Amino acid sequence: MGCKAAAAMGLKAGGAGKLRLPSVVAAVARSRMMKLWVLRATATVLLWTCLVQLTAVGETWGPRVLMGWSSCRTARLAMTESVVEKAVLPPRRIYRSNGYLMVSCNGGLNQMRAAICDMVAIARYLNVTLIVPELDKTSFWHDPSEFQDIFDVEHFITSLRGEVHILRELPPRMKQRVEVGMFHSMPPISWSDISYYHNQILPLIQKHKVVHLNRTDARLANNGLPLDIQKLRCRVNYGSLKFTPQIEELGRRVIRILRKNGPFLVLHLRYEMDMLAFSGCTEGCTREEADELTRMRYAYPWWKEKVIDSYVKRKDGFCPLTPEEIALVLRALEVDTSMQIYIAAGEIYGGKRRMASLTSAYPNVVRKETLLEPSDLRFFQNHSSQMAALDYLVSLESDIFVPTYDGNMAKVVEGHRRFMGFKKTILLDRKIIVDLVDRYKSGSLPWDEFSKLIKSVHANRMGSASRRTVIPDKPKEEDYFYANPQECLRDPDLLRAL
């Protein structure tokens, strides 16, 4: 009886529950329907309001709405195409890296520039990952500039992604190995062919995972290399090594100022104190100046040659021309005396006294410091490589380029101007010039004859097309690759790649 009662009660309770459930569901459903209706009504009102507003704008906007906003679409399309054009990158080259190559460049800007080109080519050939090169901070100039202070590092990395993997720094795990000394550091042998790097350096990279090349000047041969290696050296030099936007813009400003006043000649006058001390050339110097230069030469242990006979060296054509000598040469070549002469160099040793002959013959002698405001060069002060980068840009764009000594800048600019279409570069024969100058100054050679001989000697030394001189087993005496990169000149494939 108790069970039946309980069952009956249970049935009643269950029945009561079943009766209440539909009413709750119905209430919820009605609430949802109401919200949905309100939402639809609100959306309809908003859409109608928008349509009214658009219609009210009038004739100016109406046609564009009907035409699908063609002008805006065109603008967006142009903008998109511009962005796509800038963003187009070469496809990344896929390869299994054999390890990491770190390099510390040595020397001035253009010596390091050539070395960077060589190191990229070597890294590509060895299938290794290159770390962005470290620049020299311990040389005579003590320039603290990093790679990214001079070159556009992002462009450098992305423009070469189709050739070699380049990283700004080692991955953390490899960096830890280097910090505890688990890597190999060495200077490669100068003027080596590519087989040296394959047979000697690659096994070291595979063994140690990280190899550091601590000297990079002239470490790759001028000749006897595969054509694709030579072309890659050019591609890096003329396409991937762009200066920073700040340097490029300031360089363009100097060029605009010069162009506004007519044609200009860039004179790479290597007559700074360090060059004279290093070379031991003292022509025209006072006894006190000669002694000062000698003391400087002995003060720097990495300048190996100490005892130098300035007279003999000059007669052999191994000294930079003096300001007085170059003034005579320019006059003999009949360079217009009204032409602007831009001095691409540091401070000239002896100052105004040594420059007097040149400025007297050519009154329009200028330099970046006289063309720009001090504030323009404020951030370049005490950064010799950045200052040299400005001179490099101006040198490339000059109507005539005249180097007075065959240093690294002279050679690299010469080659770059050849690549730009064999722009006029007067390559001075210093040995003959010195002999003719001495004969003229002694009175044994009249001016007309002096001028005639200077013109004759240099008639075929204007930077025109020529074959690089090859001297087996004497790479220092043969033509430098970067002065005459003949494999790359007028190469349509390379020009398209740049």
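**Exercise 1. List what Asn-110 touches beyond its sequence neighbours, then place the residue in the predicted model.**

*Solution.*
Step 1. Leave out residues up to four places away in sequence. Asn-110 then touches Tyr-392, Asn-408, Met-409 and Val-412. The model is a predicted one.
Step 2. Find the element. Asn-110 sits in helix 4.
Step 3. Check the cover. The relative accessible area of Asn-110 is 5%. The cut-off for buried is under 20%, so Asn-110 is buried.

**Exercise 2. Compare the span of helix 4 with the expected value, and decide whether the helix is enclosed or open.**

*Solution.*
Step 1. Helix 4 has 18 residues, which should span 26 Å at 1.5 Å a residue.
Step 2. Its end C-alpha atoms lie 26 Å apart, so the two values agree.
Step 3. Count the covered positions. In helix 4, 15 of the 18 residues are buried, so the rest of the structure largely encloses it.
Step 4. Look just past the end of the helix. There Asn-127 takes a positive phi of about 55°.

**Exercise 3. Identify the residues that touch the most other members of the largest nonpolar core, and the helix that gives the most to it.**

*Solution.*
Step 1. This core holds 79 residues. Leu-101, Phe-147, Phe-156 and Phe-243 touch the most other members.
Step 2. Helix 4, residues 109-126, gives the most to this core, with 11 residues.
Step 3. Another core lies apart from it, with 41 residues. Among them are Ile-326, Leu-330, Val-434 and Leu-445.
Step 4. Return to Leu-101. Beyond four places in sequence, its contacts include Met-119, Ala-123, Ile-205, Val-211 and Leu-213.
Step 5. Add the general background. Nonpolar side chains tend to be buried together in soluble globular proteins.

**Exercise 4. Classify the ring pair Phe-151 and Phe-243, and say which parts of the chain it ties together.**

*Solution.*
Step 1. The whole structure has 14 aromatic pairs.
Step 2. In this pair the ring centres are 5.6 Å apart and the planes meet at 15°. Planes under 30 degrees apart count as stacked, so this pair is stacked.
Step 3. Phe-151 lies in the loop between helix 5 and helix 6, and Phe-243 in the loop between helix 9 and helix 10. The pair therefore ties together parts 92 residues apart in sequence.
Step 4. Check the cover. Phe-151 is buried at 2% relative accessible area, and Phe-243 is buried at 3%.

**Exercise 5. Classify the ring pair Phe-243 and Tyr-392, then describe the helix that holds Tyr-392.**

*Solution.*
Step 1. The centres of these rings are 5.9 Å apart, with the planes at 80°. Over 60 degrees counts as edge-to-face, so that is the class of this pair.
Step 2. The pair links distant parts of the chain, 149 residues apart, with Tyr-392 in helix 17.
Step 3. Tyr-392 has a relative accessible area of 1%, so it is buried.
Step 4. Helix 17 is mostly covered, with 12 of its 14 residues buried. Its C-alpha atoms reach 20 Å from first to last, close to the 20 Å expected.
Step 5. Put the rings together. Phe-147, Phe-151, Phe-156, Phe-243 and Tyr-392 form a cluster linked by ring pairs.

**Exercise 6. Find which charged residues lie over the faces of Tyr-298 and Trp-447.**

*Solution.*
Step 1. Lys-306 lies over the face of Tyr-298, 5.8 Å from the ring centre.
Step 2. Arg-331 lies over the face of Trp-447, at 4.4 Å from the ring centre.

How values were computed. Residues numbered from 1 in each chain as written. Predicted model: local features only at pLDDT ≥ 70, side-chain atom pairs only at ≥ 80, totals over all residues. Heavy atoms only, no water. Helix = DSSP H or I, 4+ residues; strand = E, 2+ residues; numbered from the N terminus. Expected span 1.5 Å × (residues − 1). Buried < 20%, exposed > 50% of the residue type's maximum accessible area, 1.4 Å probe, protein only. Core = buried A, V, L, I, M, F, W, Y, C linked by side-chain atoms within 4.5 Å. Contact = heavy atoms within 4.5 Å. Phe/Tyr/Trp six-rings, centres within 6.5 Å; stacked < 30°, edge-to-face > 60°. Lys NZ or Arg CZ within 6 Å of the ring centre and 35° of its normal.
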